[in-house]
Amino acid sequence: MDGVILTNSKGTVLNWNKQAEHILELKREETIGKSVYHLVPYKLRKQLKASFANYIKTGDDDLINKRVETSVNRRNGTVVYIELTIVAIEVKDDYLFNAFFRDITNRKIIDNEIREAKVLAEKSAKAKSVFLSNMSHEIRTPLNVILGLTGILQKSNFSNPTVDKKNLDGIQFSAENLLVLINDILDFSKIEAGKLTLHKEDFNLHELLNNLSRGFKIKADEKGLTYQVFIDTTVPKFIVGDQLRLNQILINLLGNAIKFTQKGEVLIQVTTHEILDDHITLNFLVKDTGVGIPEDKLKNIFESFYQVHKPGKNKIEGTGLGLSISKQLIELQGGILNAKSTPQVGSSFDFSIQFDKSNFKTSDHHNANSKIIDNLGELSGMKVLVVEDNKMNQFFIKQLLSNWSVEVIIAENGKIAIETLEKETFDLILMDMHMPVMDGSEATQIIRKSTNPKINQIPIVACSADVFPESKKKAMSSGMNFYLTKPLSEKALEEILYSLKPNVEHHREEKNESTKTIGNSSTQSKTQYCDLSFLKKTFDHDNETIKSVLQIFLEETPNDYKTLTEVIKNKNNSKAKEIAHKLKSSFKTIGLEKEATILEKIEKLSDNDDDFGKIHEEFELLRLSFPLILKEIEDTMRDLSSSNS
Ligand code: ADP
């Protein structure tokens, strides 16, 4: 029911119903015969007076005979929102005004909430569109460079290798830039969703800082800046923490320092803040003598997408995400990122993180540059079970481990591995993921369920040619402890073996790349398909071992290749997937990256029965190059033999 108030043209109240009493909290007896103007607030009073007068004069008014929304203050001060319609009634020579109104306060509250939610949604939509426009600009810039340079290369007749190389370098730079950007976005969304987890592992902090500095020194040199690294003597070489995230933070801060400095110096300094029984807190400082940041902007620089210095047109200058990600990564590790800056003088960013102390020891952990004695023999006596069906990988891993006098037993598949474990004791299992009979994750699950602690506790390293995160997830959820991608990195494997042998002093040799120049130029023979640099590095240019790997490739892969040809012809997708996967890791080991990528595509396409056409297309590419690859390997083996003699 509506509240109803009847007045004459002078505003004297003639009627005031029950609902009007209820809505306005004014009793009928308090109002009848009184002027309505005294009962409503000042603003409405003025409006009513003017409207009544206007209607009487002209027969029309904005407030009369229309539905309007307004608000009235009750006597106690509370506001009530009403929907009001005033109807004018002509009587003899005068007018009566009948006001009908209803309480719409609840609706108003809901409307307000909806409005606020809408404003918020619009704000976040705006933030999203700013995000997208920033992103698309940032992504388009390197993509345009890649497309532009690829176009130039396509038209070139490769007669000028220097120019072609420069164009390729440009493509690589832009692609890497794109990767950094995309990783940034992924990190950002992971942090925003609270899904980022930190890893704890032993790592060599000095090595991390040196590797980082090597790259940044080149950048600093290019700009004519001095680059300084200062590591306090109390900072241990090995600590336990998330080295990738620390690296990421320092890359951001150093990248900015160099980016925003035109002359002078960039410094990175690491000092010990506090040492406890099990922990050590380190302080990191990155300082520059660059353009600086005005005081009023300093508080904003940690916001996502905030950029004090707008990048110039067509310049790859960052996303404005770096500091926001770094700050959150530091906070996730219990630290705080502080920034100080004076315009035209320079900026400094510092933070402290507490790390666990490492059990790894070095002969001289005070001196980052000291040469460490080669003591790899300390690993001798360890026993590793290699579960692997691919002959080439078997040979490769066996050779790698025998370098350190580690005993190796090979099992062709998961089932044989489990049988072997019943009979012998091992320090570690290197487990291939894809194998016939029983694959890596199934075998691992059985091992972990064993009631024998000598079996169920053995550390297991997943070895896979897959780089997809879901493969790693699958390995970890089946109970594996580490995940390494094939071809296995010597260093990663070595670190794992050392971590399993805590009594051994970690005398890792700091390999000096410059002393490892290739003795005979013929081993550097140009290859069109294979890139043997990985094998050469891993086996210290031992031509005999490299030849053996290539020999196994020649013996093993043609058969698999033949099978692949047949199963693709017969549209046997599951078999095609299996063989392509097996071949992929052999191809990767001898640096046939392009062909490995084709195999990876075939592997993926085999998931879908409708993709025969595409599988054929991919396979055609391989069919053209495979005989040439075999020929190249034979030639290379000959070269390697002659360089030995
Ligand atoms: P960007 O990708 O733009 O570098 P960041 O989040 O890393 O994004 O930094 C945000 C902004 O803070 C930069 O755009 C720059 O304006 C300012 N900034 C960061 N580091 C420095 C520095 N060392 N000197 C001057 N300005 C800096």
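These legends walk through several views of one predicted model.

**View 1. The whole protein chain, spread out over its length.**
Let's start with the full picture before moving in. The protein chain has 20 helices and 17 strands. Its radius of gyration is 38 Å, well over the 26 Å that the globule rule gives for 645 residues, so the chain is more spread out than a compact globule. Along the principal axes, the C-alpha atoms fill a box of roughly 130 × 65 × 65 Å. Of the 645 residues, 45% are buried. The accessible surface comes to about 34500 Å², and carbon and sulfur atoms account for 53% of that surface. Contacts also reach along the sequence: among those between residues at least 6 apart, 64% join residues at least 24 apart.

**View 2. Strand 12 and its pairing partners.**
Here we meet strand 12, which covers residues 346-357. Which strands pair with strand 12 in the antiparallel sense? Strand 8 (residues 238-241) does so over 2 bridges, strand 10 (residues 279-288) over 9 bridges, and strand 11 (residues 338-342) over 5 bridges. Some individual partners help you find your way. Val240 stands opposite Asp356 of strand 12. Ser348 in strand 12 is the bridge partner of Lys287, and Ser348 is also the bridge partner of Lys340.

**View 3. The hairpin of strand 11 and strand 12.**
Now look at the turn in this part of the chain. Strand 11 and strand 12 form a hairpin, with 3 residues between them. Gln344 sits in the turn and has a positive phi of about 65°. The two strands run antiparallel and are joined by 5 bridges.

**View 4. A nonpolar patch on the surface.**
Four residues, Val87, Ile89, Val91 and Phe100, make a nonpolar surface patch of about 250 Å². Which strand gives the most to the nonpolar patch? Strand 4 (residues 79-91) does, with 3 residues. Val91 is a good one to pick out: this residue lies in strand 4. Is Val91 buried, partly exposed or exposed? Val91 counts as partly exposed because its relative accessibility is 33%.

**View 5. Arg74 and Glu25, a salt bridge between two loops.**
Side chains of opposite charge can pair when their charged atoms come close. The count for this model comes to 29 salt bridges. In one of them, Arg74 pairs with Glu25, and the closest N and O atoms are 3.9 Å apart. The pair links distant parts of the chain, 49 residues apart. Arg74 is in the loop between strand 3 (67-73) and strand 4, while Glu25 is in the loop between helix 1 (18-24) and helix 2 (28-31). Arg74 is buried, with a relative accessible area of 17%, whereas Glu25 is partly exposed at 42% relative accessibility.

**View 6. Lys327 and Glu331, a salt bridge within helix 9.**
This pair stays inside one helix. Lys327 and Glu331 form a salt bridge in which the closest N and O atoms are 3.1 Å apart. They are 4 residues apart in helix 9 (residues 322-332), so about one helical turn separates them. Lys327 is partly exposed at 25% relative accessibility, and Glu331 is partly exposed with a relative accessible area of 40%.

**View 7. Glu600 and Lys584, a salt bridge between two helices.**
The side chains of Glu600 and Lys584 meet in a salt bridge, at 3.4 Å from N to O. Glu600 belongs to helix 19 (residues 593-605) and Lys584 to helix 18 (residues 573-589), and the two residues are 16 apart. Are these residues buried or exposed? Glu600 counts as buried at 17% relative accessibility, and Lys584 is buried with a relative accessible area of 0%.

**View 8. A network of salt bridges.**
Salt bridges can also be followed from residue to residue here. Which residues are linked in a network of salt bridges? They are Arg67, Glu69, Glu83, Arg107 and Lys108.

**View 9. Leu500 and its contacts.**
Our last stop is Leu500 in helix 15 (residues 490-500). At 27% relative accessibility, Leu500 is partly exposed. Leaving aside neighbours within four places in sequence, Leu500 is in contact with Met382, Asp427, Leu428 and Pro459. Take Asp427 as an example: Leu500 and Asp427 are 73 residues apart in sequence, yet their C-alpha atoms are 7.8 Å apart in space.

Methods
Residues numbered from 1 in each chain as written. Predicted model: local features only at pLDDT ≥ 70, side-chain atom pairs only at ≥ 80, totals over all residues. Heavy atoms only, no water. Patch = residues over 30% accessible without salt bridge, like charges linked within 9 Å, V, L, I, M, F, W, Y side chains within 5 Å. Areas by Shrake-Rupley, 256 points an atom, 1.4 Å probe, with all protein chains shown as cover. Buried < 20%, exposed > 50% of the residue type's maximum accessible area, 1.4 Å probe, protein only. Pairing = 2+ DSSP bridges. Rg over C-alpha atoms; globule rule 2.2 N^0.38 Å. Contact = heavy atoms within 4.5 Å.
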